[in-house]
Amino acid sequence: MKLFFSPDQLAHNPQKEISDGKLVDAVEIPQRAEMVLNALRALPDLCEAPVQDLGREPIERVHDKGYIQFLEDFGSLWAAAGREGEGFPFVWPGRDFRTDKVPNHLDGKLGHYSFDAGTPLTDKTYGAAYASAQSALNGADALLNGDQHAFALCRPPGHHAGKDYYGGYCFFNNAAIAAQYLRDQGAERVSIFDIDYHHGNGTQAIFYERADVQFLSMHADPLDEYPYFLGHADERGMGEGTGHNFNYPLPLGTAAPEFMTTLNQGLDEVARYDPDYLIISLGVDFFEGDPISQFKLTHTDMPAIGTALRQAGKPILFVMEGGYAVGDLGRNVASIIDGYLN
Ligand code: Q9C
Ligand code: ZN
C-alpha cells in the first residue's frame with residue numbers, strides 16, 4: 001500500500017485553540033502526523049511514495065476561489081491589520097444575516113469563511129492544507145493507476161470544511177477533493193464513508209444534491225456532540241442526491257459491538273450503490289483514550305475495522321481525519337491498516 005504524506009503538511013503548527021471558553025493548547029498538531037507516519041513506516045506492506053503537485057485546479061473543483069484566496073492571503077491580511085498570534089473569528093452571519101457579500105474587514109471575512117472559533121488560522125495554514133490536499137489527490141491517482149488501496153496521511157484534516165468555510169481544524173476537504181478528482185478522471189460513482197467520531201458536515205454539504213458521490217457518516221449524535229447542527233439520520237440528500245446521503249448518529253459511550261454493527265450497515269449501502277472507488281474518511285477519535293471524544297473503542301477493537309473494510313471488496317483510499325490521543329494515534333491507525341491488509 002502506498003503512503004502519501006508531504007513534509008509541507010507540518011508547517012501548520014498552531015499553539016492554541018479556543019475550547020470550553022478559554023485558550024487552551026491546540027490538539028490538531030504536527031506530531032499527530034509524525035506519530036502516524038512512524039507507526040505506518042513499521043508495517044512491512046506500506047511504502048512511502050512521493051507527493052506530486054497536481055496544482056490548484058483540483059482544489060478549485062470543490063472549493064470557492066474567493067475562499068481559497070482568503071486562506072492564502074490570511075497571513076498578510078493579519079499582519080497588515082497589526083494583529084499578533086493566531087487568527088480566530090468571533091462574529092458570524094447568524095439567522096437573518098446576509099452571506100452574499102464578503103465583508104472588507106478582516107473580522108468580517110473570518111466570520112464569512114468559517115463556522116467555529118475553535119480552529120486556529122495562521123500564515124502557515126494555507127501551505128499545509130494545500131499539501132494535505134495534494135496527498136489525497138496522489139492517493140486518488142494511485143487508485144486510478146490500478147492500485148487496490150492507498151493511504152493519504154492528510155493533516156490538517158478535511159471533513160468539516162465546506163465549499164467556502166473552514167472549521168473543526170479543517171480547511172480543505174481532502175476526501176471531497178479526492179472524490180471529485182476520481183469523478184473528473186472517469187470514475188462513474190464514488191462512495192465516501194466517514195468513520196471519524198464527528199459528523200463529516202463539510203463532505204455531506206458538498207455532495208448533498210449529487211447522485212454521483214454517495215456519502216455515509218457514522219458519528220456521535222450531533223444533539224450531544226460537535227458539530228451540533230448537522231448529521232441527523234433524516235438528512236437523506238436533496239434533489240438528484242436524494243437517497244444518497246446516510247447518517248448514523250450514535251450515543252455517547254458507544255463501544256465496539258454497536259460501532260461494528262453500524263459500520264457493516266453502512267458497508268451494505270456501499271455495496272448497493274456499487275461505487276468504482278471507496279474513500280474512507282478515517283478519524284480514529286472513536287478511541288476510548290481520545291481527549292475530546294466519548295466513544296469507547298479499545299486498541300484491540302481496531303483490526304476488525306480494517307477487516308470489515310477489506311470485505312467491502314472495493315479499491316479503497318484511506319484519508320486521515322481526526323484522532324487526538326497523540327501517544328496512541330500511530331498504533332491505532334496502524335492496527336486498522338494491519339487488519340485491513342492481513
Ligand atoms: N471542547 C476533527 O476530528 N472542537 N475535528 C471540540 C471540545 C471541535 C474535531 C471542542 C472538534 C473538531 C477533524
Ligand atoms: Zn473527529
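Here is a short tour of a predicted model, stop by stop.

**The ligand.** Start by selecting ligand 1 and the 17 residues around it. Ser-19, Gly-118, Pro-157, Gly-168 and Gly-322 come nearest. Colour the shell by residue type and you should find five nonpolar, eight polar and four charged residues.

**Helix α10.** Next, select residues 326-341, which form helix α10. Place a distance between the C-alpha atoms at its two ends: they are 23 Å apart, which agrees with the 22 Å that 16 residues should span at 1.5 Å a residue. Now show the side chains. The buried residues are Asp-328, Leu-329, Gly-330, Asn-332, Val-333, Ala-334, Ser-335, Ile-336, Ile-337, Asp-338 and Tyr-340. To see what these buried residues pack against, add α1 (30-41), β5 (149-152) and α9 (302-311) to the view.

**A loop aspartate.** Stay with α9 and look into the loop that runs between β9 (277-282) and this helix, where you will find Asp-290. Is Asp-290 buried or exposed? Asp-290 counts as buried because it has 22 C-beta neighbours inside 10 Å, the threshold being 20 or more. Leaving aside residues up to four places away in sequence, Asp-290 touches Tyr-197, Asp-285, Gly-323, Tyr-324 and Ala-325. Select Gly-327 as well: 37 residues separate it from Asp-290 in sequence, and their C-alpha atoms are 9.9 Å apart.

**A helix pair.** Move on to α5 (residues 125-144) and α6 (residues 174-184), which pack at an angle of about 35 degrees with their axes 8 Å apart. The crossing of α5 past α6 is right-handed. On the α5 side, the contact is made by Ser-132, Ala-133, Ala-136, Leu-137, Gly-139, Ala-140 and Leu-144; α6 contributes Asn-174, Ala-175, Ile-177, Ala-178, Tyr-181 and Leu-182. By type, the contact residues comprise 10 nonpolar, three polar and no charged.

**Two cis peptide bonds.** Zoom in on the loop between β5 and α6 to find Pro-156. The bond leading to Pro-156 from Arg-155 is cis, with omega near 5 degrees. Then go to Pro-227, in the loop between β7 (213-220) and β8 (245-250). The bond from Tyr-226 to Pro-227 is cis too, with omega near 10 degrees.

**Two positive phi values.** Finish with Asp-96, in the loop between α3 (65-80) and α4 (106-112), where phi is near 80 degrees. Asp-96 counts as exposed, with 5 C-beta neighbours inside 10 Å. The last selection is Asp-274, between α8 (256-273) and β9; its phi is near 55 degrees, and Asp-274 is exposed, with 11 other C-beta atoms within 10 Å.

Key
Residues numbered from 1 in each chain as written. Chains lettered and ligands numbered in written order. Predicted model: local features only at pLDDT ≥ 70, side-chain atom pairs only at ≥ 80, totals over all residues. Near = placed C-beta within 6 Å. Nonpolar A, V, L, I, M, F, W, Y, C, P; charged D, E, K, R; others polar. Helix = DSSP H or I, 4+ residues; strand = E, 2+ residues; numbered from the N terminus. Expected span 1.5 Å × (residues − 1). Buried ≥ 20, exposed ≤ 12 C-beta atoms within 10 Å, placed from the backbone. Contact = placed C-beta atoms within 7 Å. Axes fitted to C-alpha atoms, helices over the stretch in contact; angles between N-to-C directions. Left-handed = near helix turned anticlockwise from the far one by under 90°.
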